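Let's take a walk through a protein together, one piece at a time. Keep the picture open beside you as you read.

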Amino acid sequence: MSDYRTESPPVLRDFLTYHETIRGHSSATVNEYFLDLRNFLRYVKLSRGLVPRDAELEDISIMDVDVEFLRKVTMAEVYDYLSFLSRDRVKNKNAGELEYGLTASSRARKIAALRSFFKYLTTKAHLLDENPIADLDTPKLPKTLPRYLTLEESQRLLLAVDGPHKARDYCIICLFLNCGLRISEIVGLNLSDIQGDHLRIMGKGAKERMVYLNEACTEAINDYLLVRNTIAAIDKNALFLSNRRKRMSTDAVHAMVKKTLKNAGLDAEKYSSHKLRHTAATLMLSNGVDVRTLQEVLGHENLNTTQIYTHVDNSGLRIAAAANPLASFRPEETGEPEAEPDTETAPSD
């Protein structure tokens with residue numbers, strides 16, 4: 001696994017350290033920044049002819065990148081790189097049949113990393129006098145509604161939990177569907193985070209929040225703790241343990257959710273653990289939770305992120321349509337007499 005602390009030139013390492021230590025971003029987020037920026041710098045070196053033309057992108061070192069190199073970055077180079085991502089970048093090298101071209105959302109994430117990097121160099125580190133990509137736009141993203149399970153499908157999923165770790169897996173899915181937790185928040189839970197009628201959640205950017213537990217979640221946690229307390233855990237703090245008595249990984253939770261979806265007769269390709277978070281948000285919103293409260297429950301920094309769920313609940317749209325004063329209008333109720341046929345021009349039998 002790549003480590004920016006040993007694989008970055010000083011100018012990039014300082015930026016990533018700033019995000020991890022000052023901005024409080026998670027190691028996973030910082031690593032994504034590193035991979036995105038490293039890929040861009042490799043491409044620029046290749047396009048400038050600083051390495052052999054036949055060099056593989058993944059083999060190009062960026063350890064010689066310095067401020068002078070970054071000062072020469074142009075918008076044309078960035079657009080050329082984005083064109084490469086859009087047309088020529090391999091989506092998944094492990095796939096049987098290679099597909100090329102990243103989605104707009106993937107490109108937008110890489111642009112966000114570039115903009116953050118050059119803004120830091122200009123306004124924080126003061127290493128550049130001008131930001132060469134200050135006017136860089138983000139790709140227009142298609143607006144799509146989040147997929148979610150219906151109430152009936154959610155109940156089917158809970159009923160489908162089975163196997164040697166039934167209490168653990170039921171508890172995890174129950175927390176997904178009732179509390180709308182992220183998968184990283186699920187696997188990061190410690191025993192000490194269970195505090196009476198609520199959980200202490202460490203969310204994105206090390207932001208702490210409190211999530212209250214309903215009756216279903218409380219019972220699921222208590223049932224699982226009866227099992228958890230009999231395990232000689234290697235990771236004594238972790239709430240959810242794997243077969244090896246260590247903290248469950250996100251991959252293990254993903255696999256468990258997919259398996260349970262199949263057991264419930266649901267499309268495991270269409271739904272995922274993150275879709276269970278969408279499901280919780282949609283169910284809460286459709287049952288009277290206001291969007292501001294939902295924002296707090298989900299741990300969204302911006303209200304705009306939460307408001308996507310307001311488009312999922314159709315009840316408000318139905319009410320709005322019914323409230324239109326023309327909703328009950330009928331042409332035959334206007335009281336106007338129907339027009340008489342023109343006897344002079346009307347055809348005869």
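Find M202 and look across to strand 3: the residue standing opposite M202 there is E208. What you are looking at is part of a predicted model, and M202 belongs to strand 2, which covers residues 198-202. Strand 2 and strand 3 are joined by 5 bridges and pair in the antiparallel sense. Follow the pairing to H198, and you will find Y212 as its bridge partner in strand 3. In general, strands of a sheet pair through backbone hydrogen bonds, and this can happen in a parallel or an antiparallel way.

Now turn to the neighbour of strand 2 called strand 1. These two strands also pair in the antiparallel sense, over 2 bridges. I194 stands opposite L199 of strand 2, while Q195 faces H198 of strand 2. The hairpin formed by strand 1 and strand 2 has 2 residues between the strands, and in this hairpin G196 takes a positive phi near 70 degrees.

Put the pieces together and you have an open sheet of 3 strands in the order 1-2-3, with antiparallel pairing. Which strands stand at the edges of this sheet? They are strand 1 (194-195) and strand 3 (208-212); each has a single partner strand, so one side of each is left without a neighbour in the sheet. Look along strand 3 once more and you will see its side chains alternate. R209 and V211 point to one face and are buried, whereas E208, M210 and Y212 point to the other face and are not buried.

Just ahead of the sheet is another residue to find. L189 sits in the loop between helix 9 (183-187) and strand 1. Is L189 buried or exposed? Its relative accessibility is 2%, so L189 counts as buried. Its contacts help fill in the picture: leaving aside residues up to four places away in sequence, L189 touches ten-odd names you can look for, including L175, L181, L199, R200, I201 and F240. Take R200 from that group: it is 11 residues from L189 along the chain, and the C-alpha atoms of the two are separated by 8.2 Å.Next, let's see how two helices meet. The axes of helix 3 (residues 27-47) and helix 6 come within 9 Å and cross at roughly 85 degrees. That angle makes helix 3 roughly perpendicular to helix 6. On the helix 3 side, the contact is made by E32, Y33, D36, L37 and F40. Helix 6 contributes R109, K110, A113, L114, S116, F117 and F118. Sorted by class, this contact has 7 nonpolar, 1 polar and 4 charged residues.

Helix 13 (residues 291-298) shows how a helix can have two sides. Its buried residues are L294, Q295, V297 and L298. They cover an arc of only 165 degrees around the axis, which puts them on the same side of helix 13. On the other side of helix 13, R292 and E296 are exposed. A general rule is handy here: an α-helix has 3.6 residues a turn, so residues three or four places apart point the same way. Just after helix 13 comes G299, with a positive phi of about 75 degrees.

A positive phi can turn up elsewhere too. Most residues other than glycine have a negative phi. H126, however, has a positive phi of about 55 degrees although it is not a glycine. You can find H126 in the loop between helix 6 (104-124) and helix 7 (151-159). H126 has a relative accessibility of 59%, so it counts as exposed. R245 is not a glycine either, and its phi is positive, at about 65 degrees. R245 lies in the loop between helix 10 (215-228) and helix 11 (250-263). With a relative accessible area of 36%, R245 is partly exposed.

Finally, step back to the whole protein. Its secondary structure comes to 15 helices and 3 strands. Of its 349 residues, 39% count as buried. Among contacts between residues at least 6 apart in sequence, 56% join residues at least 24 apart.

Definitions and conventions: Residues are numbered from 1 along each chain as its sequence is written. This is a predicted model: local features need pLDDT of at least 70, side-chain atom pairs count only at pLDDT 80 or more; totals for chains, interfaces and linings use all residues. Side-chain values use heavy atoms; hydrogens and water are left out. Buried means under 20% relative accessible area, exposed over 50%, partly exposed in between (1.4 Å probe, protein chains only). Helices (H or I, at least four residues) and strands (E, at least two) are DSSP runs, numbered from the N terminus. The arc is that of the directions from the helix axis to the C-beta atoms. Two strands pair if DSSP finds at least two bridges between them. Axes are lines fitted to C-alpha atoms, for helices over the stretch in contact, and angles run from 0 to 180 degrees between N-to-C directions. Angles under 35 degrees count as roughly parallel, over 145 as roughly antiparallel, 65 to 115 as roughly perpendicular and the rest as oblique. Contact means heavy atoms within 4.5 Å. Ala, Val, Leu, Ile, Met, Phe, Trp, Tyr, Cys and Pro count as nonpolar, Asp, Glu, Lys and Arg as charged, and the others, Gly among them, as polar.
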